[in-house]
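Let's walk through a protein model together, starting from its aromatic rings and moving on to its helices. Keep the 3D view open as you read.

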Amino acid sequence: MESKIAIKDLHFSYTPQEEILKGINLEFDNRSTAIIGQNGAGKTTFVKLLKGLLKPTKGNIIVNGIDTKESTVANLASYIGLVFQNPNDQIFKNKVIDEVMFGPLNIGQDNEKAKKISIESLEMVGLKDKIDANPYDLTLSERKLISIASIIAMDTDVIIFDEPTIAQDYTGKEKVKEIINNLKGKGKLVITIIHDMDFVAENFERTLVFNQGKVLFDGDTREVFSHDEELKKAYLELPHVTQLCKKLGYKEVFLTVKEFIDYKQNTKGR
């Protein structure tokens, strides 16, 4: 698979006394990727480095052939988009359409194209009918979807979600899942930082486990969740259905309820 992002011997420190990231080597291809780990493991810092908001203390991050050390955030904005955890940190316009159009206009799209793609993005997140609303008259869940639409509208090859399921009820989570699958279908690299293990199991092909500034595991999501003892030491839980099936004595790693039901139906009578 073609590498979209390459990380080589990445180190980062906010202060000389404490190193946050310690010699990370990774490559990202088209596989949707979840980054998990306890608070303080370095996940958010890592994503800020990918976006160019921070620069490596040592090592390199190559995004689409560009070294982030030698690029501005503005230059990277047309290639890599970040949806903030809290939409209130991202939204600043008083009209939904203006909010969504802001990013496309700032990376050079003309007004007509920016409006067209912004309306399509709002349709994707299910908020086309809120086009003229003030974002702050909407619910937190809807504001989260607006912030997602504003990044989708920039049509970047890479989209990073910071805790996409926070403030979402079941319907909201299903909508976010639909959006992620839509983006994957368009060949986008979707990356998330997330604490929701069930959502990881259902939606992400690859999982990275960060622990104390290093990558503890990197692999197929099913394979990563097979390391239950090591994950427990990193203060991480397995998805709920995986935990339940393990307690019931199954050796297989089930990631979703549907997987388990299909397995039981296929093995009936054997």
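**Rings and helices, step by step**

Let's start with one side chain: Phe46 is buried, with a relative accessible area of 0%. Bear in mind that the model is predicted. Now look for a second ring, Phe210, which also counts as buried, at 1% relative accessibility.

These two residues belong to a wider set, as the structure holds 10 aromatic pairs. In the pair of Phe46 and Phe210, the ring centres are 5.1 Å apart and the planes stand at 55 degrees, so the pair is tilted. The cut-off matters here, because a pair counts as edge-to-face only when its planes are over 60 degrees apart. Where do Phe46 and Phe210 lie in the chain? Phe46 is in helix H1 (residues 43–51) and Phe210 is in strand E9 (residues 206–211), so the pair ties together parts that are 164 residues apart in sequence.

Compare that with the rings of Phe254 and Phe260. Their centres are 5.2 Å apart and their planes are at 75 degrees, so this pair is edge-to-face. Phe254 and Phe260 are both buried. They also have company: together with Tyr250 and Tyr263 they form one aromatic cluster.

A ring can have a charged neighbour too. Find Phe28 and look over its face: Arg206 lies there, at 5.3 Å from the ring centre.

Let's return to H1, the helix that carries Phe46. Is H1 mostly covered or mostly open? It is mostly covered, with 7 of its 9 residues buried. Alongside Phe46, the buried residues are Lys43, Thr45, Val47, Leu49, Leu50 and Lys51, so two lysines are on that list. Just after the helix, Gly52 takes a positive phi of about 90 degrees.

Next, turn to a pair of helices. Two packed helices are described by the angle between their axes and the distance between the axes. For helix H3 (residues 96–106) and helix H4 (residues 111–124), the axes come within 9 Å and cross at roughly 120 degrees. H3 and H4 are therefore oblique to each other, since angles of 65 to 115 degrees would count as roughly perpendicular and those over 145 as roughly antiparallel. The crossing of these two helices is right-handed.

Which residues make the contact between H3 and H4? From H3 come Val96, Ile97, Val100, Met101, Pro104 and Leu105. On the H4 side they meet Asn111, Ala114, Lys115, Ile117, Ser118, Ile119 and Leu122. An α-helix has 3.6 residues a turn, so residues three or four places apart point the same way.

Key
Residues numbered from 1 in each chain as written. Predicted model: local features only at pLDDT ≥ 70, side-chain atom pairs only at ≥ 80, totals over all residues. Heavy atoms only, no water. Phe/Tyr/Trp six-rings, centres within 6.5 Å; stacked < 30°, edge-to-face > 60°. Helix = DSSP H or I, 4+ residues; strand = E, 2+ residues; numbered from the N terminus. Buried < 20%, exposed > 50% of the residue type's maximum accessible area, 1.4 Å probe, protein only. Lys NZ or Arg CZ within 6 Å of the ring centre and 35° of its normal. Axes fitted to C-alpha atoms, helices over the stretch in contact; angles between N-to-C directions. Parallel < 35°, antiparallel > 145°, perpendicular 65-115°, else oblique. Left-handed = near helix turned anticlockwise from the far one by under 90°. Contact = heavy atoms within 4.5 Å.
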